[in-house]
Amino acid sequence: MEKRANWYELDNAAKIVPSTAKGANTRVFRITCELKEDVNKEILQRALDETIEEYPFFNCVLHRGIFWYYLEDSDLKAVVEEEHSPACMPLYIKGKKALLYRVNYFKKRINLEMFHVLADGTGAFMFFKNLITRYLQIRYNLSEDIKPSDDFSLEEKNVDAFTDNYSKQKGLKQLNEMRSVKAYQVSGELDDNLLPHLLEGTVSASKFLELAHKYNTTVGVLCVALYIKAVIQGMNRHQRKKHVVVSVPVNLRQFYKSGTARNFFGVINIDYDPAKYTGEINSITDQVAADFKEKLAPENIEKTMNSYSALEHNLAIKMVPLPIKDFTIGRFDSAAKRGVTTSMSNLGLIKMPKEVEDYIDRFCAFMTASSQQVCVCTFKDKMVFGEVSPYKTHKTMLNFFRCLTEEGLEIELGTNDYDLYEDK
């Protein structure tokens, strides 16, 4: 982050977050590590105190400026607590001086929740993996030389990668194109208080990979294709006239050399016409694969990256007072959501130092949304699909898991509604 005295500018992706955090979409995400033994609160607090020293820019509070929000250094201390409230509750409350992350635990699980202003999933995992590693070092008296493989210097973690890689383009045109399609909207019975309902399903990563090979495709393509199939199964004949559009966040660190722990992602929309579905999954995977290939081409990735910089580099927008920006960005965000059915974020394979692997059972991730969003992450042979939704039931996600069981995969389900696991 560019630092002036004791305040920090938001990165380009973060600039729209406060204006779009409303209702069920608190813009808070959760990443979880399930260990093989119950968590020790005192050790976790010590590990957090030591780890946050390597990420001081996370220890900030959010303020409203004349033209933009900004972050300010804080002497507040995050206190580890046993989980006793619903997941992903708001972290930013207007006018309240509070940290934008929390760490809690329940039995064998350690949870990190973070407001999207601070980081994306990849950046948060950098911090989280350090936290888990430090906890296990203290708990089991392991060598202090153990470090996660993606541990970067403070300067590298702190950089605004959007600014470093921006090239002047008409980024706003790219943003406008995102709201041109009117996609099918998933619906359901909303929670009375818009509280998040979490559902997770764990499958064998190796068996899912075998399934992808069976259909001559990749794991990422198959995840999206099966989810599109699950959505179609919940549509009636009239609804199938609308396209299913899955928004897929893309980790830009794959394309631009960066060790930033802040936001550095773009979004591509995978567009599928249900009229093309023949009943065979290949009729979806072929289209999804082609869409991925086109939208992940270098020139299109550059456009996607630059679109997030457009707000900052457009002089007319830059000079508009913040209250007007909040209103305008909120309206734009609502319009853009009408062009998206759902979102699926694949955080990929989570790698930990070999010395600590045997103490860890799995990782999982969740991201709030006004409708629903799915996060995928894999640790060793456990591939976990985590969904957050304000709906009381998980019709589409259960369809998704049925698609997997029909392919011979066993599913282990968990939910915050019933707090149990069961084999399906």
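Let's start with helices α2 and α3. Their axes come within 9 Å and cross at roughly 130°. That makes α2 oblique to α3. The crossing is right-handed. One caution before I go on: this is a predicted model.

Which residues make the contact between α2 and α3? From α2, we have I43, L44, R46, A47, L48, E50 and T51. From α3, they meet F127, N130, L131, R134, Y135, I138 and R139. By class, that contact holds 8 nonpolar, 2 polar and 4 charged residues.

Now the sheet. Five strands form it, and it is open. Read across, the order is β6-β7-β8-β3-β13, with mixed pairing. What stands at the edges? Strand β6, residues 81-82, and strand β13, residues 360-367. Each has a single partner strand, so one side of each is left without a neighbour in the sheet.

Helix α2, residues 41-51, packs on this sheet. It touches β7, residues 101-106, and β8. The direction of α2 makes about 155° with that of β7. Helix α3, residues 121-140, lies across β3, β7, β8 and β13. Against β3, α3 runs at about 30°.

Look at one strand pair inside the sheet. Strand β3 covers residues 28-35, and β8 covers residues 109-115. They run antiparallel, joined by 7 bridges. To find your place, take V28: it stands opposite F115 in β8.

Back to α3 for its aromatics. The whole structure has 17 aromatic pairs. One of them is F125 with F128: the ring centres are 6.2 Å apart and the planes are at 65°, so this pair is edge-to-face. F125 and F128 are 3 residues apart in helix α3, which means about one helical turn separates them.

Last stop, a second helix pair. Helix α8 is residues 219-233, and helix α9 is residues 282-295. Their axes come within 9 Å and cross at roughly 125°. α8 and α9 are therefore oblique to each other. Their crossing is right-handed.

What does α8 bring to the contact with α9? G220, V221, L222, V224, A225, I228, K229 and I232. They meet I284, T285, V288, A289 and F292 in α9. By class, the contact of α8 with α9 has 10 nonpolar, 2 polar and 1 charged residues.

Terms used:
Residues numbered from 1 in each chain as written. Predicted model: local features only at pLDDT ≥ 70, side-chain atom pairs only at ≥ 80, totals over all residues. Heavy atoms only, no water. Pairing = 2+ DSSP bridges. Helix = DSSP H or I, 4+ residues; strand = E, 2+ residues; numbered from the N terminus. Contact = heavy atoms within 4.5 Å. Axes fitted to C-alpha atoms, helices over the stretch in contact; angles between N-to-C directions. Parallel < 35°, antiparallel > 145°, perpendicular 65-115°, else oblique. Left-handed = near helix turned anticlockwise from the far one by under 90°. Nonpolar A, V, L, I, M, F, W, Y, C, P; charged D, E, K, R; others polar. Phe/Tyr/Trp six-rings, centres within 6.5 Å; stacked < 30°, edge-to-face > 60°.
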